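Here's a quick walk through one strand and one chain-chain contact. Have the viewer open and follow along.

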Amino acid sequence: MVDGPIDLSVRLGALALANPIMPASGTFSEELARVFDLDLLGAFVTKTITREKRSGNPTPRVAETASGMLNSIGIPSKGLDHFLTDIVPAYRAFHQPLVASISANTPDEFAQLCADVSVPGVSAIEVNISCPNLEEDGRAFAMRPESTHSAMQKLRAASDKPLWAKLTPNTGEIAEVAAAAEAGGADAVVVANTILAMKIDVHTRRPSLGNIMGGLSGPAIKPIVVRMAYQCARAVSIPVIGCGGIATAEDVVEYLLAGCAAVQVGTATFLHPTAMTRIIDDLAAYCRANGVAAVRELIGAMETGPLARTDELLAQVY
Amino acid sequence: MTLSPKTVHADTTSPFPVGEHVCRVVTNEAVNDQYRLMELAAPAPALAAEPGQFFHLLCPQAGEDAPFFRRPMSIYRIDRAHGRLGFLYKETGSGTRAMATLRPGDPFNIVGPLGIGFTLPPDRAPVVLLARGVGLATLAPLAQAAAAAGNPVTALFSARDPAYLMSLDYMAEQGAAVLTVTDSEGTSDPEQVERLLRGLHAAGRMEAIYTCGSNRLMLLAQRLAAELGLRGEVAMEQQMACGLGMCFCCVRAFRTEAGIEHRRVCNEGPVFDLKEALSW
């Protein structure tokens with residue numbers, strides 16, 4: 001038990017957060033301010049911004065699966081100008097760091113957009129390199145270390161803001177990709193985006209999503225992404241931000257133990273709009289009950305050595 | 001959760017008008033072989049709901065039904081005097097099947113009130129409510145609000161069979177004139193409905209029209225509203241995930257002066273200007 005207040009603060013490079021809980025891009029907007037005080041969160045992460053207006057994919061855009069959600073929203077965006085003139089000023093009413101998520105079709109367009117969102121009021125930029133690169137036959141930048149490294153170098157040169165690389169789980173070499181992001185100048189990696197998946201309606205024989213394939217999120221993917229976050233944390237010295245299937249404070253502790261310095265909550269907010277504030281309260285309660293005075297003590301604290309208890313038992317026998 | 005007191009006033013001053021409320025089920029019974037009526041004991045912030053708004057319902061796990069998302073559902077009845085919220089629904093999938101298993105006293109987690117509801121015309125102008133099937137559930141609270149505001153109401157309800165015409169007594173109690181048409185009686189085809197609507201207009205009973213539940217009736221109402229210069233609104237449905245405007249999965253296309261525009265049914269709707277609606 002801890003008697004005093006629990007220190008929930010964490011540090012992501014130069015950026016200090018009051019607590020490690022923030023929303024995942026695409027699952028959050030200022031509309032949530034109708035439900036709770038947004039300043040309870042560690043940071044705000046915007047929907048992904050593109051330079052031009054995009055209307056997104058055909059409906060249906062979501063489908064439910066066992067303990068998970070399939071989506072293919074298609075990054076609808078009101079464009080850069082709307083972000084600069086409406087979104088950034090709207091967040092002046094709040095005090096936590098604003099993280100702008102951005103996406104583009106080529107490394108050069110990505111870098112230019114990164115420069116254009118590097119404005120006062122934006123504390124960090126999450127570069128969604130999980131999106132398709134049109135110069136690489138539509139493969140996501142973050143599917144391979146080489147394309148990750150070259151994109152990150154251009155992004156790094158375009159901005160002095162902290163840059164977070166959002167990685168895709170749809171690769172066989174995520175640790176190498178994370179290392180390439182770090183070498184290219186990323187200040188943190190976000191592990192990970194959704195897992196490419198699909199569902200077919202057996203009665204109509206039609207795909208459940210208008211776009212046929214989409215991204216799987218929710219509790220269904222958590223063990224896979226915890227593994228990936230663990231692999232990335234071992235491969236880099238920059239902070240890893242865990243993202244995948246978090247619905248409870250226990251899920252957060254799991255990601256922290258695996259080596260993450262903070263986490264993002266997405267799909268859970270769709271089921272419970274107050275999920276993030278409940279998780280923050282429950283995380284403090286977990287720390288209190290388990291003698292953890294500061295939540296950062298948990299980062300990378302998974303125990304893999306022999307169980308201390310084994311030695312005690314053996315001592316009793318011999 | 002406590003039962004609400006006898007007189008409950010809408011909480012319109014809260015900085016957080018949308019809440020996640022764990023309500024108690026009061027009744028959840030079949031009203032015919034297709035529809036059920038659920039009544040919840042709801043707290044004041046939930047009872048601040050306006051006609052046309054909706055709640056996002058966390059349906060339970062029941063047997064093989066494991067709905068993952070919440071289910072959006074329009075409000076059928078807002079009874080502030082008794083602290084009750086009502087939902088009229090049809091068992092159509094895993095969410096509503098699971099919802100049907102709830103018993104009086106069970107907890108039920110609802111998020112809301114959500115979305116933008118109906119707007120009544122000023123100056124006690126007479127209104128027509130044109131609904132088919134479960135669409136009448138969405139329009140029922142509007143009859144109550146219109147009566148309270150002094151707008152004379154004519155309800156024109158369409159269904160497959162007279163057995164599925166619900167809430168007629170309730171509408172009459174609100175002072176609404178009720179007209180019904182059904183497929184089984186051969187009275188519900190659009191030509192006959194159009195004759196009825198033109199008759200209502202000629203009699204000075206229709207200066208605004210509200211519709212829900214049928215694409216064909218929406219198109220008819222839209223055409224007549226344009227021709228006769230009526231105000232009109234349509235309540236729409238769409239599959240939703242968040243219900244709050246964050247995920248952009250519930251968009252529909254609308255025709256505006258600037259061209260085709262996608263809007264979120266949860267956030268810009270579910271009630272929309274009839275003249276901008278497109279066929280679904």
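## A strand covered on both faces

In this predicted model, strand β9(B) has cover on both of its faces. On one side sit Val153(B), Ala155(B), Phe157(B) and Ala159(B), and on the other Thr154(B), Leu156(B) and Ser158(B), all of them buried. That fits the usual pattern, since side chains in a regular strand alternate between the two faces of the sheet. Put as a tally, seven of the seven residues in β9 (residues 153-159) of chain B are buried.

## Neighbours of β9(B)

Which strands pair with β9(B)? One is β8 (residues 127-132) of chain B, which runs parallel to β9(B) and is joined to it by six bridges. If you want a spot to zoom in on, Ala131(B) has Phe157(B) as its bridge partner in β9(B). Another is β10 (residues 177-182) of chain B, also parallel to β9(B) and also linked by six bridges. Here Leu156(B) stands opposite Leu179(B) of β10(B).

Helices make the connections. Helix α3 (residues 135-149) of chain B goes with β8(B) and β9(B) in a right-handed β-α-β unit. Moving on from β9(B), helix α4 (residues 168-173) of chain B and β10(B) complete another β-α-β unit, again right-handed.

## Where chain B meets chain A

Now over to the interface. Chain B puts 28 residues into the contact and chain A puts in 33 residues. About 2500 Å² is buried between the two chains, with carbon and sulfur atoms giving 62% of that. Which three residues of chain B supply more of its buried area against chain A than any other three? They are Phe68(B), Phe69(B) and Met246(B), which supply 30% of what chain B buries there.

On the polar side, the rule finds 15 residue pairs in polar contact across the interface, plus two salt bridges. The elements of chain B that give two or more residues to this side are β7 (107-114) and β14 (259-264). For a salt bridge to look at, try Glu64(A) and Arg71(B), whose side chains meet at 2.6 Å, N to O.

## A closer look at Asn267(B)

Asn267(B) lies in the loop between β14 and β15 (271-273) of chain B. Is Asn267(B) buried or exposed? It counts as buried, because its relative accessibility is 15% and the cut-off is under 20%.

The side chain of Asn267(B) makes a polar contact of 3.4 Å with that of Glu31(A). Leaving out residues up to four places away in sequence, Asn267(B) touches Glu31(A) and Arg34(A) from chain A, along with Ile116(B), Leu244(B) and Gly245(B) from chain B.

Key
Residues numbered from 1 in each chain as written. Chains lettered and ligands numbered in written order. Predicted model: local features only at pLDDT ≥ 70, side-chain atom pairs only at ≥ 80, totals over all residues. Heavy atoms only, no water. Buried < 20%, exposed > 50% of the residue type's maximum accessible area, 1.4 Å probe, protein only. Helix = DSSP H or I, 4+ residues; strand = E, 2+ residues; numbered from the N terminus. Pairing = 2+ DSSP bridges. Right-handed = clockwise from strand over helix to strand, strands pointing away. Contact = heavy atoms within 4.5 Å. Buried area = accessible area lost by both parts, 1.4 Å probe. Salt bridge = Lys/Arg side-chain N within 4 Å of Asp/Glu carboxyl O. Polar contact = N/O pair within 3.5 Å; in protein donor to acceptor, adjacent residues only side chain to side chain.
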